[in-house]
Amino acid sequence: MNSFAAVLRKDLLLEVRGGQSTVALGALSLLVLVVLVFAFDPGGGEQGAAAAAGALWVALVFSGMLGATRAVSAENENGCLRALLMSPLDRAVLYAAKLAAAFVFMAVAEAASIVLMVLFFNLDFDARVMRMAPVVLLGALGFAALATLLAAISSRLRGGELILPLLAVPMFVPALIAGVKASALALGGSPLDELAVWIKVLAAFDAIFVAAGYLLFEYVAGEE
Amino acid sequence: MTAPLIEARALGKSFGPAPVLREVNLSVAAGGGLAVVGANGAGKSTLIRLLAGLSAPSFGDAMLFGEAARTLAPALRRRVGLLSHQSFLYPNLSAQENLEFYATLYGVEDARKTAALWLERVALGAAADARVRGFSRGMEQRLALARAMLARPDVLMLDEPFAALDGDGAALAAALVREAMSRGCAVLASAHSAEPLAALGFAVLALARGKLVRAEPDAARQSAARAPLARQVS
Amino acid sequence: MNGRPVRLGLGFVTLALVLAALYMVFVYVPTEADQGIVQRIFYFHVPCAWDAFASFALVAIAGIFYLWLGQQVWDDLGYAAAEVGMVFCTLVLATGSIWAKPIWGAWWTWDSRLTTTLILWLLYGGYLMLRAMAGDSAQGARFGAVVGIVAAVDVPIVIVSVRLWRTIHPAVLVTRQGGHGLEDPRMVATLLVSLAAFTALFIWILCLRFVTLRMRTRLGALARSLAMAEAAAQD
């Protein structure tokens, strides 16, 4: 088993054994969606679809911040991060494994969010929701890439919990714009080629941030 | 004396203006053992962190295998083992799973078998599948020692290796350290008192006010046999 | 090596350019037909935006050099650029807002350029908060460099996505270099002089701030050496 698989497997194993991250993320998404239903009181039809798409992405952003923080902080108990840094493990591979773990947590939470969204916003479980799924996954990947890198920074600063949302939200704006637009279009029944430009933006965003994280993680992972 | 595996040259560290360590010079060659004793807060853990490459020096050099410890290549990091006062163990994994994980990271052939073997060597075979969360402090320390040594490192750094170990545990640890040194491993250890380490033939130095000074006379006498392999470089 | 003569000279050049720009903006250039006197803000708004974005790139470049070479001088430059850039970015938003109210009737519009500048402002703010939180340390400098680089890499895709999202900015600002809707050559000249003035102003303030940070770095190093010597004297 290579190192990447070993670290990812360990994180997923720890999660299954009572990490409670996916539960926490799912719960947070649920709460966010409930708040937004009261905030916007959406009707059905196209207005409902647009509101639903927006709500889903708000839930994605909030649960994503929690997910990335947990994936990174999992190494804080007993100083395991130091052990990983001392091992032959490549820092970039460590980033990739943490990113993958955060992505898995987010994907599970997003699946739950989509179900809740359909229920709360009076939509139907049909092909339109299916067409939205890859958009959400791309968004989750981009946010996981961004947030894993930033969480490595915020987790090392006293009172740093503010830093993650402060930096992650403005940086995520391009993917947020593209993701909400594409999701709203998909839910409204638009064909795939209308979504194409937004999906390209999402894909470019993902590529840029995964690469940036991969190259820069080693500079934030070390100690003083 | 052959090229030292662990070396500090005019090493110093400051957090803020006041220095925690200053003008530290030491070297340990293959098969040698150096013990650094000092009170709490004297800087022993900081020294080990610097030499392990976890922290960057403010002055001077911390070197392993002749290379800067901070930027050690992965191939060389594979040959370094660290025992810290933090256990580096995942509480929700079993002892076997913890060792297997690290064995995989260190590229050990047949991680599963190696992990099982080392569990036996530290007398934790019976607790192989128990979660580390339920371990006593002594069991944790033994497992942490196994973790540090399972890749058969050429450099071993032990921060208070005998802490939390009872008589049997301490004897086990001593035997493992002796065996490592005899196969050419360079060992640097920190402790409150020189006793168990001097008995293993370690040279002993004391850390006081950030500087390394000669240890108490009787400890130095006991370490005379191993002294040529580990010394304070003046 | 004392840079004071250079800074002094730069200061005088800046003063001359700023005075020239002020004259041209308030006296020389004709009032624009559609928008009236308020349009003169444009000659401050655009150069400030140019300064804000250029400074952002500077933060990222300084960050790259810092991570690559490990020399504190690059971090001092990056931090100074972030602080000065933040000021100019705030001015862009403020002048944009002052301009928008009489023209479009609203203090804020979510058009593409203003939105992108707001994102930039938030990124600057995040960077400065991060540096304040991390304190005076090599770790803080490394974190800052990484954030500066990632943020700069993010900006192009922000620009693209926000532009796809919407735009109602006046056609007079199609690009920052040329291709503008300014008919009168006097307006072009005024804009260019103002651009030069603000660039000089930016460089001059950056130099002052940079020198201050360099002194702080040197002071820190001296304090450490002094503490070492004191400890050695007590041996």
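Okay, so let's start where chains B and C meet: 10 residues of chain B are in contact with 6 residues of chain C. Keep in mind that this is a predicted model. On the chain B side, strand 1 (6-14) and strand 2 (19-28) are the elements that each give two or more residues to that contact. And what kinds of residues does chain B bring? By class, there are 4 nonpolar, 4 polar and 2 charged ones on the side that touches chain C.

Now, staying with chain B, have a look at its open sheet. Six strands build it, in the order 6-7-8-3-9-10, and the pairing is mixed. Which strands stand at the edges? Those are strand 6 (80-83) and strand 10 (211-214) of chain B. Each has a single partner strand, so one side of each is left without a neighbour in the sheet. From one strand to the next, the twist averages 20°.

Let's zoom in on one pair. Strand 3 (residues 33-37) and strand 9 (residues 203-208) of chain B run in the parallel sense, paired over 4 bridges. If you want a spot to click on, try B:A35, whose bridge partner in strand 9 is B:V204.

Lying across strands 3, 6, 7, 8 and 9 of chain B, you'll find helix 1 (residues 44-52) of chain B. Helix 1 runs at about 155° to strand 7 (155-159) of chain B.

Last stop, chain C. Helix 4 (residues 112-134) and helix 5 (residues 138-165) of chain C pack at about 170°, their axes 10 Å apart. That angle makes the two helices of chain C roughly antiparallel. Their contact involves 14 nonpolar, 7 polar and 2 charged residues.

Technical notes:
Residues numbered from 1 in each chain as written. Chains lettered and ligands numbered in written order. Predicted model: local features only at pLDDT ≥ 70, side-chain atom pairs only at ≥ 80, totals over all residues. Axes fitted to C-alpha atoms, helices over the stretch in contact; angles between N-to-C directions. Parallel < 35°, antiparallel > 145°, perpendicular 65-115°, else oblique. Nonpolar A, V, L, I, M, F, W, Y, C, P; charged D, E, K, R; others polar. Contact = placed C-beta atoms within 7 Å. Pairing = 2+ DSSP bridges.
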